Amino acid sequence: AVVSTQSTGTALLFNSGKMVCTGAKSEEESRLASRKYARIIQKLGFPAKFVEFKIQNMVGSCDVKFPIRLEGLFAQHGQFSNYEPELFPGLIYRMVKPKVVLLIFVSGKVVLTGAKDRKDIQEAFCSIYPILKNFRKK
């Protein structure tokens with residue numbers, strides 16, 4: 001793979017001709033960065049085309065502004081989560097619908113990943129927030 005970085009993100013180019021762009025802050029910025037990279041490849045003399053653009057993974061992060069009792073959350077939601085603080089400081093919560101993975105930290109910081117669109121991120125957060133409030137540290 002070849003790696004290139006610009007202010008709009010980073011591109012990975014593969015032998016298959018496929019390209020993966022990361023680091024954009026919005027869907028439109030991702031599309032624009034992908035177009036720019038395709039244009040750079042064309043200018044280098046390769047017959048590149050901008051086709052089949054799709055977003056595979058969106059990441060969101062937030063701070064709920066209160067500390068969370070991860071042990072309690074894990075005890076009651078063990079079927080959806082994994083918590084091994086000696087290996088990783090956050091609780092890994094695998095939501096089924098939408099299919100999003102959340103990394104939940106005792107500080108109240110939450111990272112949501114694996115979403116295909118913004119709606120999934122928003123829906124996942126709206127689903128987890130009432131649960132997190134129940135495990136707020138006193």
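Q: How many bridges join strand 4 to strand 8, and in which direction do the two strands run relative to each other?
A: In this predicted model, strand 4 and strand 8 run antiparallel and are joined by six bridges. One residue pair to look for is methionine 58, whose bridge partner in strand 8 is alanine 115.

Q: Where does this pairing sit in the sheet, and which strands form its edges?
A: The sheet is open and has five strands in the order 4-8-7-6-5, with antiparallel pairing. Strand 4 (58–63) and strand 5 (81–82) are the edge strands, each of which pairs on one side only.

Q: Which helix lies across these strands, and at what angle to strand 8?
A: Helix 3 lies across strand 4, strand 6, strand 7 and strand 8, and its direction makes an angle of about 140° with that of strand 8.

Q: What should one look for when reading a nonpolar core, and which elements supply it here?
A: In soluble globular proteins, nonpolar side chains tend to be buried together. Here the largest nonpolar core has 22 residues, and those with the most contacts inside it include Ile68, Tyr93, Leu102 and Ile128. Helix 2, strand 6, strand 7, strand 8 and helix 3 each supply at least two residues of this core, with the largest share, five residues, coming from helix 3. Beyond four places in sequence, leucine 102 touches, among others, Leu91, Tyr93, Val111 and Ile128.

Q: Is serine 30, in helix 1, buried or exposed?
A: Serine 30 counts as buried because its relative accessibility is 13%, where the cut-off is under 20%. Setting aside neighbours within four places in sequence, serine 30 is in contact with Ala24 and Phe53.

Conventions: Residues are numbered from 1 along each chain as its sequence is written. This is a predicted model: local features need pLDDT of at least 70, side-chain atom pairs count only at pLDDT 80 or more; totals for chains, interfaces and linings use all residues. Side-chain values use heavy atoms; hydrogens and water are left out. A nonpolar core is a set of buried Ala, Val, Leu, Ile, Met, Phe, Trp, Tyr and Cys residues joined through side-chain atoms within 4.5 Å. Buried means under 20% relative accessible area, exposed over 50%, partly exposed in between (1.4 Å probe, protein chains only). Helices (H or I, at least four residues) and strands (E, at least two) are DSSP runs, numbered from the N terminus. Contact means heavy atoms within 4.5 Å. Two strands pair if DSSP finds at least two bridges between them. Axes are lines fitted to C-alpha atoms, for helices over the stretch in contact, and angles run from 0 to 180 degrees between N-to-C directions.
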